[in-house]
Amino acid sequence: MFTKTLVLGIGNLLLGDEGVGVHAARALMGNECSRGVEVLEVGTAILDALPALENAEHIILLDAMKCDGKPGTVYRIPLGKCRTSQCIASMHGFDIFRVLALTGRKVPPEVLVFGVEPSYIGWSMELSPPVSNALAFLVEAVKMEIKNASGVDSNLS
């Protein structure tokens with residue numbers, strides 16, 4: 001059975017802003033999800049999400065994204081554009097394209113990346129002020145994306 005939308009919070013909580021995707025996933029988990037939406041805190045263990053990736057129609061990745069913008073800037077980019085873009089789609093080195101290939105799916109899912117420009121990547125379990133301030137906007141943007149994709153209220157309030 002396919003999950004309509006899978007939201008993956010990616011990043012390393014020990015490296016400051018690198019953990020923004022995990023912080024966002026935790027904020028989304030605190031809300032009641034509509035049927036067909038699954039939110040997972042993946043951290044740096046993307047392979048642990050392989051079973052969920054195999055069954056998702058739409059995937060939303062939440063992560064830090066270095067694009068040389070102003071810290072705290074939130075980006076919404078289809079994964080296919082990350083491949084050719086000069087921005088780094090993942091700050092911790094995994095290749096989501098290869099992970100998706102491991103699913104063995106004949107038709108790949110639609111994948112959208114919500115990234116936040118980091119200010120501080122270093123030993124800290126706290127987000128920098130600009131990224132912390134962007135977190136609420138990121139969470140609301142993901143809720144809106146889910147609502148628009150499903151055509152109904154996402155119940156993530």
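Contact means that heavy atoms lie within 4.5 Å. The exercises below use this term on a predicted model, in which local features need pLDDT of at least 70, side-chain atom pairs count only at pLDDT 80 or more, and totals for chains, interfaces and linings use all residues. Residues are numbered from 1 along each chain as its sequence is written, and side-chain values use heavy atoms, with hydrogens and water left out.

**Exercise 1. Pro-78**

Task: State which residues Pro-78 is in contact with, leaving aside its neighbours within four places in sequence.

Solution.
Step 1. Locate the residue: Pro-78 belongs to strand β4. Helices (H or I, at least four residues) and strands (E, at least two) are DSSP runs, numbered from the N terminus.
Step 2. Consider its accessibility. Buried means under 20% relative accessible area, exposed over 50%, and partly exposed in between (1.4 Å probe, protein chains only). With a relative accessible area of 36%, Pro-78 is partly exposed.
Step 3. Read off the partners: beyond the four-place limit, Pro-78 is in contact with Val-111 and Leu-112.

**Exercise 2. Strand β5**

Task: Determine which strands pair with β5, and in which sense.

Solution.
Step 1. Recall the criterion: two strands pair if DSSP finds at least two bridges between them.
Step 2. Strand β3 (residues 56-64) pairs with β5 in the parallel sense over seven bridges. Within this pairing, Ile-59 stands opposite Val-111, and Asp-63 stands opposite Gly-115.
Step 3. Strand β4 (residues 74-78) pairs with β5 in the antiparallel sense over five bridges. Here Val-74 stands opposite Val-116.
Step 4. Examine burial. Six of the seven residues of β5 (residues 110-116) are buried, so this strand is largely enclosed by the rest of the structure. In β3, seven of the nine residues are buried.

**Exercise 3. The salt bridges of Lys-66**

Task: Identify which residues are joined with Lys-66 into one network by salt bridges that share partners.

Solution.
Step 1. Begin with the principle: side chains of opposite charge can pair when their charged atoms come close. A salt bridge is a side-chain nitrogen of Lys or Arg within 4 Å of a carboxyl oxygen of Asp or Glu.
Step 2. Asp-68 forms a salt bridge with Lys-66, the closest N and O atoms being 3.5 Å apart. Asp-68 is exposed, at 66% relative accessible area, whereas Lys-66 is partly exposed, at 33%.
Step 3. Glu-117 also forms a salt bridge with Lys-66, with the closest N and O atoms 3.6 Å apart. This pair links distant parts of the chain: Glu-117 is in the loop between β5 and α5 (129-150), and Lys-66 is in the loop between β3 and β4, 51 residues apart. Glu-117 is buried, at 0% relative accessibility.
Step 4. For another example, Lys-143 and Glu-140 form a salt bridge with closest N and O atoms 2.9 Å apart; both lie in helix α5, three residues apart, about one turn of the helix.
Step 5. Conclude: shared partners join Lys-66, Asp-68 and Glu-117 into one network.

**Exercise 4. Asp-17**

Task: Find which backbone nitrogen lies 2.8 Å from a polar atom of the side chain of Asp-17.

Solution.
Step 1. Asp-17 is in the loop between β1 (3-10) and α1 (20-29).
Step 2. Asp-17 is buried yet has no salt bridge; Lys-66, the nearest side chain of opposite charge, is 9.6 Å away. In this reckoning Lys and Arg count as positive and Asp and Glu as negative, while His and the chain ends are not counted.
Step 3. The backbone nitrogen in question is that of Tyr-120.

Methods
Polar contact = N/O pair within 3.5 Å; in protein donor to acceptor, adjacent residues only side chain to side chain.
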